[in-house]
Amino acid sequence: MRPRSDFLAAPSVLLLPGWQGSGPGHWQMHWARTQGYAVVEQNDWLHPLRGDWLARLDETVIDAPGPVVLVAHSLGCILVSAWAGVSRHTARVRCALLVAPGDTEAPELKDRLPGWSPIARQALPFRSIVVGSQNDPYCTAQRAQALAHAWGARWVDLGAAGHINADSSLGDWPGGQALLQTLLKD
């Protein structure tokens, strides 16, 4: 077990893009450039294998010098919930910001992302916020709110913000940074 002082050290913020990764205009890539946050790179963004993504996240958390904060988008949110259910290293995570979870159980995504269903629905062992949108084409607001409830996360509704990605024209998304800072202060 790590000493308590290690957990109080400044955390490493890990960005977890979703299926197909996050392009240069995505708020996650803005944060990587402006805040110095680390992007968890996957071997295959187009054909994501759940086991490979789980192993990569586990390796990255283990290799981090201290506590970590997870900032996930879309399939990255589904990855966090699956990882939290199987990893022995969840105590290293201080909190998670989960943005626009992709509904991998919906027929249109289930067929395109085999192996990502069912979505893990256990309470996460760390503080978290789920951010959703009323017009997300990859997950209804009702479904995202139900996932937030299952994960024991606080729910934040951004209104009509699409998939909360580059197409949403959020730029650096200061509102997301504010949510992250709220999690870090708790």
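Let's start with Leu-14. It stands opposite Leu-70 in strand E3. This is a predicted model, so keep that in mind throughout. The two strands here are E1, residues 12–16, and E3, residues 68–73. They pair in the parallel sense, over five bridges.

Now the helix on top of that. Helix H4, residues 75–86, packs on the sheet. H4 touches E1, E3 and strand E4, which is 93–99. The direction of H4 makes about 135° with that of E3.

Step back to the whole sheet. What is the order of the strands? It reads E2-E1-E3-E4-E5-E6. That is an open sheet of six strands, with parallel pairing. The edge strands are E2, residues 38–39, and E6, residues 154–157. Each of those pairs on one side only.

Walk along towards E6. E4 and E5 run parallel and are joined by five bridges. Ala-96 stands opposite Ser-128 in E5. Next, E5 and E6, again parallel, with four bridges. There, Val-130 has Trp-155 in E6 as its bridge partner. How covered is E5? Mostly: five of its six residues are buried.

On to helix H6, residues 141–151. Its buried residues are Ala-141, Ala-144, Leu-147, Ala-148 and Trp-151. They cover an arc of only 120° around the axis, so they sit on the same side of H6. What do they pack against? H4, E4, strand E5 (127–132) and E6. Look at the other side of H6: Gln-142 and His-149 are exposed there. Just after H6 comes Gly-152, with a positive phi of about 70°.

Next, the cores. In soluble globular proteins, nonpolar side chains tend to be buried together. Here, the largest nonpolar core has 35 residues. Which of them have the most contacts inside it? Leu-16, Leu-70, Trp-83, Leu-98, Phe-126 and Trp-151. E1, helix H3 (50–63), E3, H4, E4 and H6 each supply at least two residues of this core. H4 gives the most, with eight residues. Apart from this core lies another, of 22 residues. Among them are Leu-15, Ala-32, Val-131 and Leu-180.

Back to Leu-70 for a moment. Leave out residues up to four places away in sequence, and Leu-70 still touches a long list. That list includes Leu-14, Leu-16, Leu-57, Val-80, Trp-83 and Phe-126.

Now the aromatics. How many aromatic pairs turn up in a search of the whole structure? Six. Take Trp-31 and Trp-173. Their ring centres are 6.1 Å apart and their planes are at 15°, so the pair is stacked. This pair links distant parts of the chain, 142 residues apart. Trp-31 is in helix H2, residues 27–35. Trp-173 is in the loop between E6 and helix H7, which is 174–185. Are these two buried or exposed? Both Trp-31 and Trp-173 are buried. Ring pairs also link Trp-27, Trp-31, Tyr-37 and Trp-173 into a cluster.

Next, the loop between H4 and E4. Thr-90 has its place there, and Ser-87 lies there as well. Why does Thr-90 count as buried? Its relative accessibility is 14%, and the cut-off for buried is under 20%. Leaving out residues up to four places away in sequence, Thr-90 touches Trp-83, Ala-84, Pro-125 and Phe-126. Ser-87 is buried too, with a relative accessible area of 14%. The C-alpha atoms of Ser-87 and Leu-57 are separated by 9.5 Å. Along the chain, those two are 30 residues apart.

Last, some backbone details. Which residues does the cis peptide bond join? Ser-117 and Pro-118, with omega at about 0°. Pro-118 has its place in the loop between helix H5 (107–110) and E5.

Then two positive phi values away from glycine. Ala-100 has a positive phi of about 55°. Ala-100 lies in the loop between E4 and H5. At 1% relative accessibility, Ala-100 counts as buried. Ser-169 also has a positive phi of about 55°. Ser-169 is found in the loop between E6 and H7. Unlike buried Ala-100, Ser-169 is exposed, at a relative accessible area of 65%.

Note on methods:
Residues are numbered from 1 along each chain as its sequence is written. This is a predicted model: local features need pLDDT of at least 70, side-chain atom pairs count only at pLDDT 80 or more; totals for chains, interfaces and linings use all residues. Side-chain values use heavy atoms; hydrogens and water are left out. Two strands pair if DSSP finds at least two bridges between them. Contact means heavy atoms within 4.5 Å. Axes are lines fitted to C-alpha atoms, for helices over the stretch in contact, and angles run from 0 to 180 degrees between N-to-C directions. Buried means under 20% relative accessible area, exposed over 50%, partly exposed in between (1.4 Å probe, protein chains only). The arc is that of the directions from the helix axis to the C-beta atoms. Rings of Phe, Tyr and Trp (its six-membered ring) pair if their centres lie within 6.5 Å; planes under 30 degrees apart count as stacked, over 60 as edge-to-face and the rest as tilted. A nonpolar core is a set of buried Ala, Val, Leu, Ile, Met, Phe, Trp, Tyr and Cys residues joined through side-chain atoms within 4.5 Å.
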